[in-house]
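Biologist: I am new to this structure and would like a close look at the part that surrounds the ligand. Please take it slowly, and then follow the strands outward from there.

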Amino acid sequence: MATDLAANERMARLMEHGFCIIENVADERLLNRTRACVDKALAEVDPERLATSKSPGSLIDSNDYPELADLIGNPRALAELDRMGLKDIKFWKAVIISKPPGGPRLYWHQDCLMWQDPRAYSDRPPMIFLMYYLEDTTRWNGCLRLLPGTHRYRHILHDMGEAHTREINRIDDPDDPRFRDYPGEVDVPVRAGDVVVGYARMFHSAHTNHSGEKRTVITIWFHPFFSDLQEPTQSWIHESMHRQHADWPQDALAKIEPMNRNRTPDRRLRWPRSVDPG
Ligand SMILES: O=C(O)CCC(=O)C(=O)O
């Protein structure tokens, strides 16, 4: 596997800085298939809807795109998460975020949807993101920006409003402080084929795309240690995932939520007393 860091070192980075990068986990074939899906999705989206999400870029949910199953269930990335100790991972949803040429800055926000769950305040992340960029990214074409440490500590941004409201998506107020620079922020340029793994509760944003080409990221959210989340949190994730992907064919669903079938009972299925009185 083409990775430079040992899994435990990568996990230590994730815990300390809130993110880590797994290099070269999506090959050209997988990237090209995903790019074809993005082109199809962009051709189908209503241009008026795109105008409502000027700051992020296209926000197209995975609902109608089972072609994304191969990237979501990418065994190389999931195996590395497993080696890092992130077990019992459950998929929630993915989104296609394509920033057109000239697409403006994304505002600072965090994605955690379960702050009511005690796990949101612990070292066991209730929600992580995997971000696959389909082009090499730099500050010039709108790479990711992160505020390391905000996965553990409060920041003034926590009191500046929720992510993805209509007003901020449309950039009604370009002077909104969520568009500003903040001390400690870092740029995260990557190569197409790498994946950025981050705590969903960490503040993140993206630079303006000054290039003449679109810049696309597929963000995928997973919930590690799923069975250890509070029951209402688990049911919400489960219901939302299945509702949104209800139209996906079985073979695509199997890639994102593999269940090991087993038709053979083990010793827990006991003989009747008449056969085995012990
Ligand atoms: O467009 C980007 O680079 C960041 C995407 C993002 O913020 C998100 O998916 O929550």
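Modeller: Around the ligand stand Ile-97, Leu-106, Asp-111, Leu-144, His-204, Ala-206, Val-217 and Thr-219, where a residue counts if its C-beta atom, placed from the backbone, lies within 6 Å of the ligand. This is a predicted model, in which local features need pLDDT of at least 70 and side-chain atom pairs count only at pLDDT 80 or more, while totals for chains, interfaces and linings use all residues. Residues are numbered from 1 along each chain as its sequence is written.

By character, the shell around the ligand is made of five nonpolar residues, two polar ones and one charged one; the nonpolar class holds Ala, Val, Leu, Ile, Met, Phe, Trp, Tyr, Cys and Pro, the charged class Asp, Glu, Lys and Arg, and the polar class the others, Gly among them. Two strands, β9 (204-206) and β10 (215-223), each give at least two residues to this shell. In the protein there are eight helices and ten strands, which are DSSP runs numbered from the N terminus (H or I over at least four residues for helices, E over at least two for strands).

Let us follow β9 first. It belongs to an open sheet of four strands, with antiparallel pairing and the order β4-β9-β6-β7; two strands pair if DSSP finds at least two bridges between them. At the edges of this sheet are β4 (106-109) and β7 (186-188), each of which has a single partner strand, so one side of each has no neighbour in the sheet. From one strand to the next the twist averages 25 degrees, with axes fitted to C-alpha atoms (for helices, over the stretch in contact) and angles running from 0 to 180 degrees between N-to-C directions. Strand β6 (residues 144-146) runs antiparallel to β7 and is joined to it by three bridges. Leu-144, which we met in the shell around the ligand, has Val-188 of β7 as its bridge partner.

The other strand, β10, leads into an open sheet of six strands, ordered β1-β8-β5-β10-β3-β2 and again paired in the antiparallel sense. Here β1 (19-22) and β2 (60-61) are the edge strands, each with a single partner, so one side of each is left without a neighbour in the sheet. Between β10 and β5 (residues 128-133) there are six bridges, and Phe-129 stands opposite Trp-221 in β10. Helix α1 (residues 7-17) packs on this sheet, touching β1 and β8 (195-199), and its direction makes about 145 degrees with that of β1. Helix α2 (residues 28-44) also packs on the sheet, where it touches β2, β3 (90-99) and β10, and its direction makes about 70 degrees with that of β3.

Strand β5 deserves a further look. Met-131 stands opposite Thr-219 in β10, and Thr-219 is one of the residues around the ligand. With β8, β5 shares five bridges in an antiparallel arrangement, and the partner of Tyr-132 there is Val-195. Six of the six residues of β5 are buried, so this strand is largely enclosed by the rest of the structure; buried means 20 or more other C-beta atoms within 10 Å of the residue's own, exposed means 12 or fewer, and partly exposed lies in between, with C-beta atoms placed from the backbone. Ile-128, Leu-130 and Tyr-132 point one way from β5, whereas Phe-129, Met-131 and Tyr-133 point the other way. For the protein as a whole, buried residues make up 37% of the 278 residues.

Terms used:
Two residues are in contact if their C-beta atoms, placed from the backbone, lie within 7 Å.
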